[in-house]
Amino acid sequence: MKFGLQHIHQMTYNSSLMYNLRIAIAFLGTAFVPYFLNFQLATIPLTLGVVAAGLSDIDDRFSARIMNQCYTYIGFFIAACSIRFLFPYPVLFAISLLFACVGWILLGSLGRRYATIAYGCLVVSVYSMLSVHLFEQWYMQPVLLVTGAIWYGVLSTLSSVIFPTRPVEEKLARTYTSLAGFLHAKSNLFDVDMNAQSYRQSWIALSKENSQLVQLFNEMKVALLTRLKGDRGRKGTRRSLQYYFVAQDIHERADSSHIDYQIIAAHFKHSDIVFRFQKILFMQGEACKSLSKSIRHHTPYQHNSRFQSAFDNLNLSLKQLHMQYPDDPIWIRAFHSLYKNLKSIDSQLRNLETEQALNFEDLKQENLLTDDDLKGFSDIKSRFIQHFTPESVLFRHAIRVSIVLFVSYLFIQTMQMSHGYWVILTALFVTQPNFNATKRRLKLRIIGTIIGVCVGLCVFYLIPSVEGQLIVLVISGVLFLELRSQQYAQATAFVTLLALINFNLDGGLGYSAALPRIVDTIIGCFFAWLGMMFIFPDWKFRRLPRNIRKAFSSQCDYLNEIIKQYVSGKNNDLPYRVIRRAAHNSDAELASVISTLATEPDYDAQKKSLAFDLLCLNHTFLSYIAALGAHREKIDDQSIIQLLYQAMEDIKGVLIHDEMPDLTVKNVLQDMREKINQNQTDNHASVLILQQLSLMFSIVSQLRTLKQNLSYDQDDTNAYQPF
C-alpha cells in the first residue's frame, strides 16, 4: 500500500503526464456529455473550443490567469459572433477578414499575453467558418465554443491551484538540461584530436546550444516574474529564483574562454592536462542533468563524490605543468583561471541545496527586471506605433497573413469549394514570421494531413460505432496538444483525424471530407508559400547586417559594464544582469539568423561560409568578455584601468564605427603580450585582464573584416519591399 501511494505521488511530478491527463478529461467531457444528452452536434464546437483554449493557455499566477481567461472568452465570443453575422455577405466578410486579421496580430505588440489571446481568437474565427452551418440560432455556436474553452480553463486553473509551482519547476528543469548540453558542447572544444574543420563545427554547435539555453533563460525569467508579482514569501518561488541565478552564474563561467582552445589542444596533445579539463566539464554537464531530474522529481540533489578526486588530480597536473614551463606564465595563468572557474561551478553545484534562500527584498528587486503589463493608454499607443513600420517583424507578419487569408477566401468563393475553409485554416497555421519556419511547416503539414486522412479512413472502417470514434477523438485531441510544439507532422495527423471524426458526427460526412482535406491542405500550403516568397519576404540574410551591429553593440555594453566593476568592485546588481542578458540574447539572435541561411534561396554560398565564421568568432569574443565578467573584482592598478578604458574605446571604434583606432590593434596586442611575458605584476586580476584583452584584440580585426564583407549597399528598410 505504501509503495502504491509513493508511486502515485511520483506520478504527480511527471508534468507531461499530468498535462495529458488534464487534456484527456477536457476532451472526454466535450465528447461524451453531448452523447449522453443526445446532442451529438454540440461535440464539434465544444471540442474546437477546447483546442483553441489549449492553444491560448498562458502560464501565469492565479489572479492573472483568471484575467487572461476572461479576456480570452470575450475575444472568442466576439470572433465567433462576427463570423456568424458577416458570413452571408461575402464582400463585407472579405474586407472584415483582411482588417481583423491585421488587428488581431498587431494586438501582440502589447505583450506576450495579448499575442497568445489574439492567436486563439484567429483560430476560433476559422473554426467558426468550418462549423457555421451547424445551428440555426446565431448564438448557439459562439456559446458552445466558449463553453468548451471555459471547460478547459476550469481544469487548467484547478491544476495550477493544486500544483502552483509545477510549471516553473518544469521550466527550471529544462533550463538545467539545456545547461548540461551547453557544458557538454563546451567540453568538446578540449578534444585534442580536432582538426580546423571539426573545431569550427564544435564552435557552431556551442553557439546553437547557447542560443537554446538563452531562450530558456528568457522563458524562465518570465515565469518567475509573474509569480514574484503575487508572491507572499512562498518558499518554492524563492528556491526557483535561487536556482535560476545559479544557472546564470554557471553559464557565465562555463561560457568564459581564457585561451585559444585549438592552440592548447595542439600544444598539449600528449599531456593529460587538456583531458582532465574536458573530463571535469563533461562531469559538470552530467551533474546539471542529475540536478534537472532532482527538480522534476522533488528529490535532493546528490553531488558526485568523484569531483573531489578529479579536481585534486587536475591540481597536481597544473603543478607539474608549472615545473615543466617555468618561463611561460601565459599558459599557466590561463589554466589556473580556467581551474578557478571550474572550481566555482563545482562550489555552486555542491552548495546549491544548502544555500540560504534569498530574502524578499531580493525578490522584489528582480521583479523590476521587466514588466510586460501595460502602464496605461500612452503605453498602449507607444507599443502600437513602434510596430507600425515595415521594419517590424510583427507588422510584416500581420500584412502577410491577412493578404494570404484574404486571397484564400476569394479563391474559395470563386471555386465554390464545399470544405474550402480548410484552405484558410492551413494557411493560418503554416504561415510563420520567417521563411525557414514556414518552409518546414509546409512539408510537415502536407505529410501529416495525408497520414491523418489514411488513419481516419481506417478508423471509420474498423470502428464504425459512435462510442468508439469518440474515444479515438479524445486520444487524437490529447496527442495533438501534446505533440504540437515538437512533432508537427504527427500533431497534424492527429488533428486531421480529430477533424474527420467531427465531420463524421455531422451526418456521416467523414468519408466525403477525406479527399477535400488533402486537396485544401495543399492549396493552403501553396498560398502560404506565395505569401512568404512575395509579400514582405523576410529573408534572414537581409537582416544579418543589423543583427551583427546589434550583437557587437551589446557586447561592447557588456564589456563596458564589466570594466566599471573592475574600477568600483564586483556587484551582481540589476544593471549588470540586464546588460549581460542582452549580450547573450543578441548572440543567440545572431546564431538563429545565421543557422537558417542555408535554407534560404539566392544567398551566396561564400557569404554563408563567412557568416558561419562570424558566428564562431562572435561567440568566441563573447566568451572572452564573459571570462572577464566571471573573475571581476576591484583593482587599484591605475595603468591597468587606463588600459581597460583605452581598449574599450579601440574595440568600440573597430566593431561599431568601423574605424582604425589611433593606437593600432597590432601595437596594443604587442604591448599587452610584452607586459604578460615580463610578468610586470603579481596581481592575478591584472594579469587576467591583460590576457583577456590580448585574446580580444587577436580576433577583433577579423570580426571587423567579416562585418564589412557581410554588409550590403542597400539600406535596411529597402530590404522589406513587398514585391
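In the predicted model, Val 453 is found in helix H19, which covers residues 435-462. With a relative accessibility of 3%, Val 453 falls under the 20% limit and therefore counts as buried. The C-alpha atom of Val 453 is separated by 7.9 Å from that of Leu 515, a residue 62 positions away along the chain.

A second pair of residues involves helix H21 (residues 488-505), where Ile 501 is found. Ile 501 has 0% relative accessibility and so counts as buried. Between the C-alpha atoms of Ile 501 and Phe 460 the separation is 8.3 Å, and 41 residues part the two along the chain. Phe 460 falls within the bounds of H19 (435-462).

A third pair joins Ile 403, in helix H17, with Gly 531. The two residues are 128 positions apart along the chain, and their C-alpha atoms are separated by 7.7 Å. The relative accessible area of Ile 403 is 30%, a value between the limits of 20% and 50%, so Ile 403 is classed as partly exposed.

Backbone geometry was examined next. Most residues other than glycine have a negative phi. Gln 416 is not a glycine, yet its phi is positive, at about 50°. Gln 416 lies in the loop that runs between helix H17 (393-415) and helix H18 (421-430). At 70% relative accessibility, Gln 416 is over the 50% limit and hence counts as exposed. His 298 likewise is a residue other than glycine with a positive phi, near 55°. The place of His 298 is in the loop between helix H12 (273-297) and helix H13 (306-324). His 298 has a relative accessibility of 39% and therefore counts as partly exposed.

The interior of the model was then searched for enclosed space. The count comes to three cavities of 30 Å³ or more. The largest cavity has a volume of about 130 Å³. Its lining is made up of 13 residues, and those nearest the centre of the cavity are Ala 53, Ser 56, Asp 57, Gln 69 and Thr 72. At least two lining residues of the largest cavity come from each of helix H3 (43-56), helix H4 (62-86) and helix H7 (140-162). H4 gives the most to this lining, with five residues. Divided by class, the lining of the largest cavity holds six polar, five nonpolar and two charged residues.

The second largest cavity has a volume of about 100 Å³. It is lined by Val 214, Phe 217, Asn 218, Gln 248, His 251, Glu 252, Arg 577, Arg 580, Arg 581, His 584 and Asn 585. Helix H9 (196-229), helix H10 (235-255) and helix H24 (574-595) are the elements that give two or more residues to this lining. The largest share, five residues, comes from H24. Five residues in the lining of the second largest cavity are polar, four are charged and two are nonpolar. Domain 2 (170-369) and domain 4 (546-711) both contribute residues to the lining, and the second largest cavity therefore lies between these two domains.

Helix H10, one of the elements that line the second largest cavity, was compared with the expected helical span. For its 21 residues, a rise of 1.5 Å a residue gives an expected span of 30 Å; the C-alpha atoms at the two ends of H10 are 30 Å apart, so the two values agree. H10 is mostly covered, since 18 of its 21 residues are buried.

Cysteine residues were considered last. A disulfide is a covalent bond between the sulfur atoms of two cysteines. The structure holds zero disulfides. Cys 121 has a relative accessibility of 0% and so counts as buried. Cys 556 also counts as buried, because its relative accessibility is 2%.

Methods. Residues numbered from 1 in each chain as written. Predicted model: local features only at pLDDT ≥ 70, side-chain atom pairs only at ≥ 80, totals over all residues. Heavy atoms only, no water. 1 Å grid on protein atoms, 1.4 Å probe; cavity = no way out; pocket = protein on both sides within 12 Å on 5 of 7 lines; lining within 4 Å. Points joined across faces, edges and corners; volume = space filled by probe spheres on them. Helix = DSSP H or I, 4+ residues; strand = E, 2+ residues; numbered from the N terminus. Nonpolar A, V, L, I, M, F, W, Y, C, P; charged D, E, K, R; others polar. Domains from an automatic or database assignment. Disulfide = S-S within 2.5 Å. Buried < 20%, exposed > 50% of the residue type's maximum accessible area, 1.4 Å probe, protein only. Expected span 1.5 Å × (residues − 1).
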